[in-house]
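Please look at the sequence and the 3D structure below before reading on. The report that follows goes through selected parts of the fold, one after another.

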Amino acid sequence: MGKWSKKICRCLCFLLIIIMTGGCTKPAEQPIEPKLLLGFSQIGAESAWRIGNTRDIEEQAEKYVVSLMLENANQKQENQIAAIRRFIAYKVDVIAFSPIVEDGWDNVLMEAKNAGIPVILVDRDISTEKEGLTTCLIGADFYREGVMAAEYLIRKADSLSMEHVNVVEITGTENSTPMRQRQAGFMDTIANDPRINVLESIDGDFLKSRGAECMRQLLETYGDEIDVVFSHNDEMTLGALPEIEKAGFYPGENMIIISIDGGQKAIDVLKKGKINCVVECTPKLGKELMETALKLKAGESVDAVIHPTEQVFSDEQDPSTIEPRGY
Ligand code: AHR
């Protein structure tokens with residue numbers, strides 16, 4: 001082949017490649033610049049609620065183009081404190097965390113304040129004498145949840161014409177906001193009803209395994225004196241139910257079961273009639289978190305407290321109308 005024929009041949013090959021690849025190559029995709037770097041310390045994965053909460057925050061971070069540094073503390077306060085210190089060292093724009101308990105945050109939050117990093121409380125509150133350590137709280141009104149649980153019980157006792165109502169309470173993690181507030185809301189509401197008496201409150205730590213242990217212990221101590229189990233979350237309720245059945249009782253029939261969270265598993269059991277009432281506590285806090293963090297970065301003011309609206313699911317309604325819960 002001559003010199004010119006070789007050149008023509010090369011040109012034809014080149015043209016063929018261009019035609020076969022669509023005529024042009026795609027411009028390289030520009031990476032999207034995140035709007036904000038958010039450090040978030042999660043408590044752990046103790047419940048379906050918590051897992052749903054983590055998932056929601058991850059999904060919303062992606063949607064709002066927020067770069068998320070997520071750390072799981074495996075139920076330990078010291079891990080959360082260490083995570084917050086890492087966020088400070090990393091110079092994130094905003095820090096968010098769900099405090100496992102209310103006390104013991106002053107020092108690390110003072111360090112964040114001195115570094116000029118705003119802090120958002122997600123889900124749970126802290127207890128402190130110091131001013132201005134955090135900017136706002138995004139989470140459920142746990143006191144109201146306790147009130148709604150007690151109001152359901154009062155209506156149920158009325159409908160069954162009960163003269164005495166003995167309650168056992170399985171509480172969440174000691175000194176955590178949901179434990180303190182749910183208990184306070186429940187106790188304040190039943191205080192006006194002389195029929196209702198709490199036999200014992202026992203710490204179930206929001207865990208299924210502890211729910212089962214606590215229930216065994218309560219059944220051994222009080223047996224058929226128990227009319228009502230008020231459990232601070234679905235996980236502990238789901239742990240307690242098999243123990244109640246093993247002891248020969250029929251949950252939902254001869255023992256009233258009240259739970260909090262409203263995860264899919266508990267709602268399925270409510271539909272079977274073994275749970276009487278579930279007060280909703282939504283884990284879907286991610287959207288509010290992203291919007292609030294972006295406002296803080298922009299130097300805008302934010303609401304001090306943001307509570308989602310929540311409802312009650314119970315045997316007073318047609319359970320088939322309850323939409324899939326998503327957690
Ligand atoms: O703080 C919210 C509570 O924590 C939920 O009720 C519980 O399921 C979770 O572990």
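## A loop residue and two sheets

Lys 91 sits in the loop that links helix 3 (77–89) to strand 3 (94–97). The model is a predicted one, and in it the phi angle of Lys 91 is near 60 degrees, a positive value in a residue that is not glycine. Most residues other than glycine have a negative phi. With a relative accessibility of 69%, Lys 91 counts as exposed, because the cut-off for that word is over 50%.

A second residue can be described in the same terms. Asp 205, which is not a glycine either, has a positive phi of about 60 degrees, and its place is in the loop between strand 7 and helix 7 (208–222). Its relative accessible area is 29%, so Asp 205 is partly exposed.

**The sheet with strand 1**

Six strands, in the order 2-1-3-4-5-11, make up an open sheet with parallel pairing. Its edges are strand 2 (66–72) and strand 11 (305–306), each of which pairs on one side only. Within this sheet, strand 1 (residues 36–42) pairs with strand 3 in the parallel sense over four bridges, and the bridge partner of Gly 39 in strand 3 is Ile 95.

Helices lie across these strands. Helix 2 (residues 48–63) crosses strand 1, strand 2 and strand 4 (119–122), and runs at about 160 degrees to strand 2. Helix 3, which comes before the loop of Lys 91, lies across strand 1, strand 2 and strand 3, at about 170 degrees to strand 1.

**The sheet with strand 6**

Another open sheet of six strands has the order 7-6-8-9-10-12, and here the pairing is mixed. The edge strands, each pairing on one side only, are strand 7 (196–203) and strand 12 (312–314). From one strand to the next, the twist averages 15 degrees.

Strand 6 (residues 165–171) runs parallel to strand 8 (residues 228–231), with which it pairs over four bridges, and parallel to strand 7, to which seven bridges join it. The table lists three residue pairs that belong to these pairings.

| Residue | Opposite residue or bridge partner |
|---|---|
| Val 168 | Glu 200 in strand 7 |
| Val 168 | Val 229 in strand 8 |
| Val 167 | Val 228 in strand 8 |

Is strand 6 enclosed or open to the surroundings? Seven of its seven residues are buried, so strand 6 is largely enclosed by the rest of the structure. Both of its faces are covered, with Val 165, Val 167, Glu 169 and Thr 171 buried on one side, and Asn 166, Val 168 and Ile 170 buried on the other.

Helix 6 (residues 177–190) lies across strand 6, strand 7, strand 8 and strand 9 (256–261), running at about 170 degrees to strand 7. Together, strand 6, helix 6 and strand 7 make a right-handed β-α-β unit. Helix 9 (residues 264–272) lies across strand 10 (277–280) and strand 12, and its angle to strand 10 is about 150 degrees.

**The nonpolar cores**

The largest nonpolar core has 43 residues, and those touching the most other members are Leu 38, Ile 120, Leu 153, Ile 258 and Leu 289. Helix 5 (residues 142–159) gives the most to this core, with seven residues. Why does this core lie between domain 1 (37–140 + 283–309) and domain 2 (142–281)? It lies between them because both domains give residues to it.

Leu 153, when residues up to four places away in sequence are not counted, touches Val 165, Val 167, Phe 186, Ile 196, Val 228, Ile 256 and Ile 258. A second core, separate from the one just described, holds 28 residues, including Leu 199, Val 229, Ile 244 and Val 269.

**Met 148 in helix 5**

Met 148 is found in helix 5. It has a relative accessibility of 10%, and because buried means under 20%, Met 148 counts as buried. Apart from its neighbours within four places in sequence, Met 148 is in contact with Val 279, Glu 310 and Val 312. Val 278 is 130 residues from Met 148 in sequence, yet their C-alpha atoms are 9.6 Å apart in space.

Definitions and conventions:
Residues numbered from 1 in each chain as written. Predicted model: local features only at pLDDT ≥ 70, side-chain atom pairs only at ≥ 80, totals over all residues. Heavy atoms only, no water. Pairing = 2+ DSSP bridges. Axes fitted to C-alpha atoms, helices over the stretch in contact; angles between N-to-C directions. Contact = heavy atoms within 4.5 Å. Core = buried A, V, L, I, M, F, W, Y, C linked by side-chain atoms within 4.5 Å. Buried < 20%, exposed > 50% of the residue type's maximum accessible area, 1.4 Å probe, protein only. Domains from an automatic or database assignment. Right-handed = clockwise from strand over helix to strand, strands pointing away.
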